[in-house]
Structure formats: structure tokens, C-alpha cells
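Visitor: I'm new here, and I'd like to know what stands behind the words people use for a model like this one. Can we look at it together?

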Amino acid sequence: MAYINDYAYYANSGAIPQDKNWGSYQYVSLNDIVNNFMLMYQGNHELINNLNRYQVLFHAKRGIQELNYDAMKEVKVLQMDLDDNLRFILPSDYVNWVRISQYLNGVLYPLTENIQTGWASTYLQDNNAKIIYDQDGNVLKPQFSQLDMSFTSGAKTIYLNESSAYNNQSGWNVDGCWYFDFGIGARFGLNTETANANPTFSIDKQRGVINFSSIGNGASVVVEYVSDGMENGEDGSISVNKLFEEYLYAYVKYSLLNGRLGVQEYIVNRARKDKSSLLRNAKIRLSNIHPGRLLMSLRGQDKWLK
Amino acid sequence: MINSVRNTVLAIANKNNYGYISPQDFNLYAQQAQMDLFEDYFYQYNAWTNKENQRLSGSGYADIVKGLVEVIDSFSVTRSLAQQGANLFNLPSDYYLINKVNYFPTQITSGTSTAAGVNTLTDTAATFVSSGVKVGQQVVNTTASSSYSGFSAFVISVDSETQLTLSYSPFGVAATIGNSYGIFNTTGIVEVERVNQNKIFYLNNSPLTAPSTGFPAYVLGGATTSVVGDANTGQLGNTITVYPTTITNNGSVTAEYIRYPLSPKWTYQTLSSGEPLFDINQADYQDFELPSSDEPGIVAKICQYIGIEIREGDVYQFGKQEEVQNNQIQT
């Protein structure tokens with residue numbers, strides 16, 4: 001029996017949105033994972049009994065989180081315009097970033113992470129650089145530091161882009177050769193780490209924003225990021241690729257056995273090996289290596305490199 | 001079975017017309033004996049489950065657990081729980097243990113019945129068809145004061161905008177007018193998980209496992225003074241508090257529980273030669289609810305009580321030995 005009929009799949013049974021079920025067959029829901037585990041892996045004649053459902057729910061969610069961090073390729077993409085402070089507020093379900101690009105004239109320009117910090121906390125100080133305290137003895141802190149403000153107002157950077165410290169500096173041309181007051185020509189080679197003409201960004205995790213430099217406000221930025229798969233706490237929306245289904249059962253089983261009193265070590269070890277090998281299998285499956293893809297790559301083997 | 005038990009007991013206890021047991025005393029002992037054996041089923045179930053895991057019990061006719069489960073399941077009842085207020089629901093007064101609590105998240109419609117009828121629901125103010133009432137959905141009697149409160153039935157057919165044919169009469173046959181009801185979708189039902197009082201605080205504060213409508217939880221609480229108890233037994237049912245606190249729909253929470261067996265009652269109306277004559281047609285007649293295979297056990301139990309009553313050590317010893325032998329065979 002099909003899980004849903006074709007009409008439900010292609011047209012959501014006439015309801016809005018019509019594309020709700022497209023591709024849904026790839027995934028198994030958290031509800032199903034918990035339900036199946038309670039049905040098949042716990043009971044009077046199973047390895048695990050006297051189990052609370054919330055324990056399974058906890059470990060299942062933890063397993064899905066772990067998968068989202070390092071195994072699954074479920075990258076989310078969010079495009080937003082920058083505000084006046086050249087900041088991009090991190091998505092509500094942001095855990096880590098994959099790639100950040102500027103969308104300009106219909107083209108995505110991948111941006112480089114600035115190796116220098118773009119923000120700092122600071123204390124209020126008097127003219128003699130003495131720290132100022134309030135009546136309770138706590139140090140007074142302004143909302144923004146000088147670095148914060150300079151970054152949002154287009155601070156100079158060491159990157160070779162529009163905000164470079166050397167951009168628009170004067171020099172002298174003598175007999176066809178350029179001379180400057182600084183050592184731009186005296187260094188051999190190029191620091192490729194900073195040799196990028198695109199704007200740069202740095203992520204202020206504590207404040208939950210991405211700071212940009214040498215970019216205009218209102219610029220359109222595309223952030224590709226990974227989440228933990230918790231769908232903002234909507235249990236009904238949490239799902240995981242079917243390729244990881246068996247791994248999740250093994251993960252939950254191992255986690256429960258590992259934390260239980262009196263379970264023999266060889267049983268815990270068996271569960272641990274199950275979990276590890278199933279994760280490896282799932283990763284291989286998800287890597288989607290098949291002859292068609294290999295062929296495309298191997299076709300480049302005879303290309304001449306100059 | 002009850003008359004057979006009584007006759008057997010009287011035959012055992014009879015000694016020169018000395019061992020006569022009145023129907024009132026017999027009924028008291030019968031109730032005790034039945035309750036004793038009923039409770040024993042759960043301990044036996046546990047013991048035999050352990051034996052199964054040790055490969056000391058087989059399958060097929062050797063499946064002892066299966067037989068025990070069948071008896072226990074015969075006491076299984078499903079009732080919608082009356083709402084006492086917000087997310088607080090009353091448990092039935094006759095429950096022995098709660099097996100499962102379920103939550104029906106989708107209510108289709110609700111209203112009040114306006115006409116009497118067997119296996120029908122009539123509500124002149126309803127719009128069953130327009131509201132989306134369909135065959136298979138569950139109708140729950142949500143009138144707390146009704147003796148049929150919590151009874152439910154399934155929709156067999158949607159006859160019109162104002163009438164449904166049901167699989168059962170959830171309002172009783174005589175008093176179907178003026179009872180409130182709710183109709184619930186039977187898909188998407190989720191189990192409400194029992195959580196101990198000492199865990200619920202942590203559970204509610206856990207971002208990963210906080211109860212949600214997809215994974216709700218409940219804690220068991222004592223009876224409150226306003227809980228309506230069973231009029232016959234005077235027992236007060238306990239209450240459950242369901243989480244998340246948004247689950248406040250009357251009729252949406254049902255319990256599947258194991259009830260206590262009804263008190264057996266050997267009844268008579270006339271005397272014959274000074275002896276009460278067994279009459280099965282009395283309104284308060286109630287046979288034993290345990291299977292016939294338990295008759296020897298019940299007889300042995302009652303004999304013990306009677307042996308004490310008539311101060312007859314032999315009768316007591318006989319009952320005791322029978323019970324011990326029976327237990328040895330079963331284990």
C-alpha cells in the first residue's frame with residue numbers, strides 16, 4: 001500500500017500549497033522513528049524494556065542533530081538584504097555556515113571570511129584611559145565599540161578590495177615605474193589569503209549577526225547554512241532522510257543501552273559497532289557515487305594541463 | 001458459574017447442616033476471592049514473561065502468557081475522560097490500572113443531542129455534512145453528569161445534516177436528549193505518555209522533549225473533592241493533568257484501562273424448603289467475570305474464608321492446599 005496516493009503526492013489532494021508532498025518520500029518523520037522504535041525495539045522480549053517514550057524522543061532528536069552537523073547534506077539557503085549597519089541577522093535555526101555569497105547583477109559572488117575580527121566589546125574610559133564604573137562598581141559599557149562602528153561604516157581592510165588601506169593612495173611614476181610611500185612593491189609574492197576583490201564578512205556568534213565590510217547597505221546576501229534539523233521545535237515537521245533511518249534506530253538503541261545500569265559491556269559494544277557501521281553505510285549511500293557521475297569525472301583524465 | 005461455585009462450596013462446607021453459608025456472606029467472600037485471583041493474573045503475567053525470556057515457556061498451546069493476556073484484556077475498557085477544567089481530566093472510578101491515554105487532536109464539531117434514538121445522534125442545530133463529519137469518526141458523550149459520560153461510538157453513516165447513525169448509543173437508550181457530544185477525527189491520534197510527578201518539571205523545561213501536541217504527556221494526580229465518583233461504589237477516581245496545557249478540548253482525551261471486575265452477586269427471590277432459590281433474572285445479579293477455568297481457584301479461596309467463619313479448620317486447610325497445589329501446577 002502506498003503511503004499516500006498520487007493525487008495527494010502531486011497536488012496535495014487539492015489543498016494549498018500544492019507542492020507540499022513533493023519529494024516527501026525521501027524522508028521519514030520523527031513521529032515514525034519514535035513510533036517504530038517503541039514498537040520494534042523495546043518490550044518485554046527485547047533488549048530494552050520499561051522505557052519512557054520521551055527517552056526515545058530525546059535520543060532520536062539528538063541523533064538527527066548530530067546527522068545534520070556532519071553527515072547530511074541538508075543545506076538551507078536564506079537570501080536577505082543588509083540593513084544600514086551592514087549586518088545580516090543569523091537565521092533563527094542557524095548552527096553553522098557553509099557559504100556566504102553576494103547576489104549582484106544576477107550572479108552569486110562567493111565571499112571570503114575576514115581573518116580579522118570585526119567586532120569587540122569595550123568599556124567607557126575617561127580622557128586618561130581610566131575605566132569608568134557605575135555606582136554599584138560595575139564597569140560601564142557602550143553599546144558599540146570603535147571597531148564595531150568602523151566596521152559598519154566601511155573600515156579599511158587588509159584585503160585587496162575597495163576597502164583596502166592602499167586603495168586610492170597616491171604614488172609617483174618615474175620613468176614608467178610606480179613608487180609609493182608604503183611597501184606595496186617591496187614584498188615579493190602575494191598573500192593569497194587576503195587577495196580577494198569581493199567584500200568580506202565575519203560572524204559575530206554572540207550577537208547573532210554576520211558583519212560585512214566593503215559592501216553597500218541594501219546589498220543582497222545569500223547565506224547557505226546548516227541547521228540541527230529541529231525545525232524550530234515543530235516536532236511534526238522534523239524528518240530525516242530514509243538512508244539514515246536504520247542508523248537512527250541503532251543510535252537510539254546504543255544511547256539507551258549505554259546509559260543503562262547492568263547492561264553487559266559486550267551488548268553495549270555490539271550496539272556501538274552497529275551504530276558506527278550504519279553511519280558509515282549511510283554516508284556512502286548519501287555520497288551517491290554511481291557510474292554516471294564517475295564517468296563525468298573520468299572524462300577529464302586526458303585533459304592537457306598547461 | 002456463580003451458582004455452580006456456591007453449590008460446590010456448600011457441598012464442601014456442609015457437615016450435618018452445620019456449614020450453611022448465607023447468600024450475603026457468600027457474596028462477600030466471592031468478591032474477595034475474585035479480586036484476589038484477578039490481581040494474581042498480573043503477577044503471573046510478570047512471572048511468565050520472565051520465564052519466556054529464559055526460554056521456559058513455549059509457543060502454541062504452551063504459550064501461557066497468551067492465555068493470561070486474554071483474560072486481562074477482557075477487562076480492558078476505552079472511555080473518553082471527562083474534563084474537570086483546563087487540562088485536568090477525571091479518570092474513571094472503576095479503573096485498576098491505566099494502560100494507555102490517547103489524544104484526539106482534531107475535533108470536527110460538537111453540539112447537543114435533541115432527540116432520542118437507538119444508535120443514532122440527532123441534533124437539529126448541527127450541520128454534520130457541511131462540517132465534514134465522515135464515516136469512521138468518533139462521537140463522544142461529553143456530558144459530565146451523564147451516567148454514560150465518556151462513552152463513545154463510531155459514525156456508521158451520515159444520514160443528513162442533522163442526523164448520524166452510530167455503532168452504539170453513547171448517550172444510553174433512554175436519555176439521549178440534552179447530552180452534549182463531540183465528534184473527533186480518528187486519524188492522527190497520539191498517545192499521551194505517563195510521566196512521574198518528579199520528572200514532569202524537567203520534561204516541561206527541556207527544549208528537546210517538552211510535551212507537544214505530537215508527543216503529549218500526563219501526570220497522575222489524586223482525586224480532588226469535586227471529582228464525581230461512582231454512585232454505586234462511592235469511589236473517587238483520580239485525575240490526570242495533560243501537557244502541553246493547550247490540550248483542553250473536552251472529549252479529546254481517552255483512556256484505555258483495565259477495570260476492576262464487577263462484584264459477583266448470587267441472587268434469589270423465593271425460598272424453596274427454606275432454602276433461597278437461585279434466580280438469575282434479578283436486576284442486581286452478577287456472575288463471576290473470571291473465566292470458568294478459575295472456578296477451582298475461586299472455590300478454594302471461598303473455602304478458606306468459610307473455614308474461618310464456621311471455625312472449621314479442615315475446610316480452611318482444604319482451601320489452602322487446593323490453592324497451593326494450583327499455584328504449583330501453574331508455575
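Visitor: What share of the 331 residues in chain B is made up of buried residues?

Guide: Keep in mind that this is a predicted model. Buried residues make up 44% of chain B. The word applies to a residue with under 20% relative accessible area.

Visitor: And how is chain B built?

Guide: Chain B has seven helices and 16 strands, and its C-alpha atoms fill a box of roughly 75 × 50 × 45 Å along the principal axes. Among its contacts with a separation of 6 or more, 68% are between residues 24 or more positions apart.

Visitor: Why is A:S13 called partly exposed?

Guide: Its relative accessible area is 42%. Buried would need under 20% and exposed over 50%; A:S13, at 42%, is therefore partly exposed. You'll find A:S13 in the loop between α1 and β1 of chain A.

Visitor: What makes the phi of A:S13 worth pointing out?

Guide: It is positive, about 55 degrees, although A:S13 is not a glycine. Most residues other than glycine have a negative phi. A:A129 is another case, with a positive phi near 65 degrees; A:A129 sits in the loop between β6 (112-113) and α4 (146-152) of chain A.

Visitor: What is the omega of the peptide bond from A:I16 to A:P17, and is that bond cis or trans?

Guide: Omega is near -5 degrees, and the bond is cis. Most peptide bonds are trans. A:P17 belongs to the loop between α1 (6-11) and β1 (27-29) of chain A. In chain B, a cis bond joins B:Y243 and B:P244, with omega about 5 degrees. B:P244 lies in the loop between β13 (239-243) and β14 (253-259).

Visitor: How do you know that chain B and chain A touch, and how many residues are in contact?

Guide: Heavy atoms within 4.5 Å count as a contact, and by that test 15 residues of chain B are in contact with 15 residues of chain A. The two chains bury about 1,400 Å² between them, 55% of it on carbon and sulfur atoms. On the chain B side, B:E193, B:L208 and B:F215 lose the most area, together 53% of what that side buries.

Visitor: How many salt bridges and polar contacts are there between the chains?

Guide: The salt bridge count is zero. A salt bridge would need a side-chain nitrogen of Lys or Arg within 4 Å of a carboxyl oxygen of Asp or Glu. Polar contacts do turn up, in ten residue pairs with both residues at pLDDT 80 or more.

Visitor: Which elements of chain B supply that side?

Guide: α2 (23-53), β11 (190-194) and α5 (197-204) each supply at least two residues. α2(B) gives the most, with four residues. The chain B side divides into six nonpolar, four polar and five charged residues.

Visitor: What confidence does the predictor give chain B, and where is the pLDDT below 50?

Guide: The mean pLDDT of chain B is 85, on a scale from 0 to 100, and 91% of its residues reach 70 or more. Among the elements of chain B, β11(B) has the highest mean, 94, and helix α7 (residues 313-330) the lowest, 71. Over residues 226-235 the pLDDT is below 50. That stretch has eleven contacts in the model beyond near neighbours in sequence.

Visitor: What ipTM and pTM does the complex get?

Guide: The predictor gives an ipTM of 0.81 and a pTM of 0.81.

Terms used: Residues are numbered from 1 along each chain as its sequence is written. Chains are lettered from A and ligands numbered from 1 in the order in which they are written. Side-chain values use heavy atoms; hydrogens and water are left out. Buried area is the accessible area (1.4 Å probe) that two parts lose on being put together, summed over both. A polar contact is a pair of N or O atoms within 3.5 Å; within protein, one must be able to donate a hydrogen and the other to accept it, and residues adjacent in sequence count only if both atoms are side-chain atoms. Ala, Val, Leu, Ile, Met, Phe, Trp, Tyr, Cys and Pro count as nonpolar, Asp, Glu, Lys and Arg as charged, and the others, Gly among them, as polar. Buried means under 20% relative accessible area, exposed over 50%, partly exposed in between (1.4 Å probe, protein chains only).
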